[in-house]
Amino acid sequence: MLPTLSDVLTQPFTLEYVAELSAADPEHRYELNRGTLTIMPPADDDHNAIVTELIVWLMTGRFTAREVLANSGIRTSRDDGGIGRSPDVMVRIPPIEGARRTVWLDPDDVLLVVEVVSAGSEDLDRIIKPREYAEAGVPWFWRVERDGEPTVLVHRLNGDTYDLVDIVPLDELVLRPAPRLDV
């Protein structure tokens with residue numbers, strides 16, 4: 001059952017509470033940034049097709065379904081109420097057998113996050129999220145730009161920022177072998 005508006009307005013926003021909201025409403029994506037709740041509508045069909053293409057490519061080439069995740073949560077900060085993001089695609093280290101389930105993965109367990117830029121989220125996907133992922137220590141960040149032919153900008157962590165190491169059309173990327181994602 002979805003919480004009422006008064007329930008939402010009177011609850012402190014924590015990553016745990018946002019996980020409960022998300023479980024009650026799988027039609028939307030929820031993120032938390034230092035107490036500010038962001039609710040996102042479902043992505044458009046082109047966005048979803050790009051996500052699917054990347055997931056199939058990653059799983060066909062190197063990773064398992066337990067390692068390649070779509071719209072899963074990553075805790076990028078515990079400060080000021082926490083920051084939890086839901087990247088479009090995430091590659092995690094292989095989970096430990098019997099590990100407890102979690103909505104918000106620790107960034108130490110994440111190798112790659114991918115954000116597909118959508119209208120209305122340009123600054124978030126191009127500026128804010130990459131900074132948060134880098135500060136959390138995620139080794140790889142890919143951003144897919146959709147102006148014209150979908151293009152992947154591949155970034156690798158260098159200290160607490162990302163260096164751009166490749167720009168490749170999506171159609172060409174998926175013809176390559178899936179990457180090793182060395183840390």
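**Exercise 1. Strand β9 and its partners**

Find the residue of β9 that is the bridge partner of L112, and then establish how β9 pairs with β8 and with β10.

*Solution.* Step 1: the bridge partner of L112 in β9 is W140. The model is predicted, with residues numbered from 1 along each chain as its sequence is written, and local features need pLDDT of at least 70. Side-chain atom pairs count only at pLDDT 80 or more, totals for chains, interfaces and linings use all residues, and side-chain values use heavy atoms, with hydrogens and water left out.

Step 2: helices (H or I, at least four residues) and strands (E, at least two) are DSSP runs numbered from the N terminus, and two strands pair if DSSP finds at least two bridges between them. β8 and β9 meet this condition with five bridges, in the parallel sense. β9 and β10 are joined by six bridges, in the antiparallel sense, and W140 has R156 as its bridge partner in β10.

Step 3: five residues separate β9 from β10 in a hairpin, and G148 in this turn has a positive phi of about 80°.

**Exercise 2. The sheet and its helices**

State the order of the strands in the sheet, name the edge strands, and place helices α3 and α4 against them.

*Solution.* Step 1: the open sheet has six strands, ordered β3-β6-β8-β9-β10-β11, with mixed pairing. Its edge strands, each pairing on one side only, are β3 (68–70) and β11 (161–169). Neighbouring strands are turned against each other by 20° on average, direction ignored; axes are lines fitted to C-alpha atoms, for helices over the stretch in contact, and angles run from 0 to 180 degrees between N-to-C directions.

Step 2: helix α3 (residues 45–61) packs on this sheet and touches β3, β6, β8 (110–116) and β9 (140–145), contact meaning heavy atoms within 4.5 Å. The direction of α3 makes about 165° with that of β3.

Step 3: helix α4 (residues 122–136) lies across β8, β9, β10 (151–158) and β11, and runs at about 170° to β9. Together, β8, α4 and β9 make a right-handed β-α-β unit; right-handed means that, with the strands pointing away from the viewer, the path from the first strand over the helix to the second runs clockwise.

**Exercise 3. Burial of β9**

Decide whether the residues of β9 are buried or exposed, and sort them by the way they point.

*Solution.* Step 1: residues are buried under 20% relative accessible area, exposed over 50% and partly exposed in between (1.4 Å probe, protein chains only). Six of the six residues of β9 are buried, so β9 is largely enclosed by the rest of the structure.

Step 2: W140, W142 and V144 point one way, whereas F141, R143 and E145 point the other way.

**Exercise 4. Nonpolar cores**

Describe the largest nonpolar core and the second one.

*Solution.* Step 1: a nonpolar core is a set of buried Ala, Val, Leu, Ile, Met, Phe, Trp, Tyr and Cys residues joined through side-chain atoms within 4.5 Å. The largest has 25 residues, and those with the most contacts inside it include L54, W57, W142 and L173.

Step 2: two or more residues come from each of α3, β6, β8, β9, β10 and α5 (170–173). The most, six residues, come from α3.

Step 3: a second, separate core has 11 residues, among them L69, L105, Y133 and F141.

Step 4: apart from neighbours within four places in sequence, L173 contacts L54, W57, W142, V152 and V168.

**Exercise 5. Aromatic pairs**

Classify the ring pairs W57–W142 and Y133–F141.

*Solution.* Step 1: rings of Phe, Tyr and Trp (its six-membered ring) pair if their centres lie within 6.5 Å; planes under 30 degrees apart count as stacked, over 60 as edge-to-face and the rest as tilted. By this rule there are three aromatic pairs.

Step 2: W57 and W142 have ring centres 6.1 Å apart and planes at 35°, so the pair is tilted. This pair links W57 in α3 with W142 in β9, 85 residues apart, and both W57 and W142 are buried.

Step 3: Y133 and F141 have ring centres 5.9 Å apart and planes at 40°, so this pair is also tilted. The relative accessibility is 0% for Y133 and 1% for F141. Y133 and F141 form one aromatic cluster with Y162.
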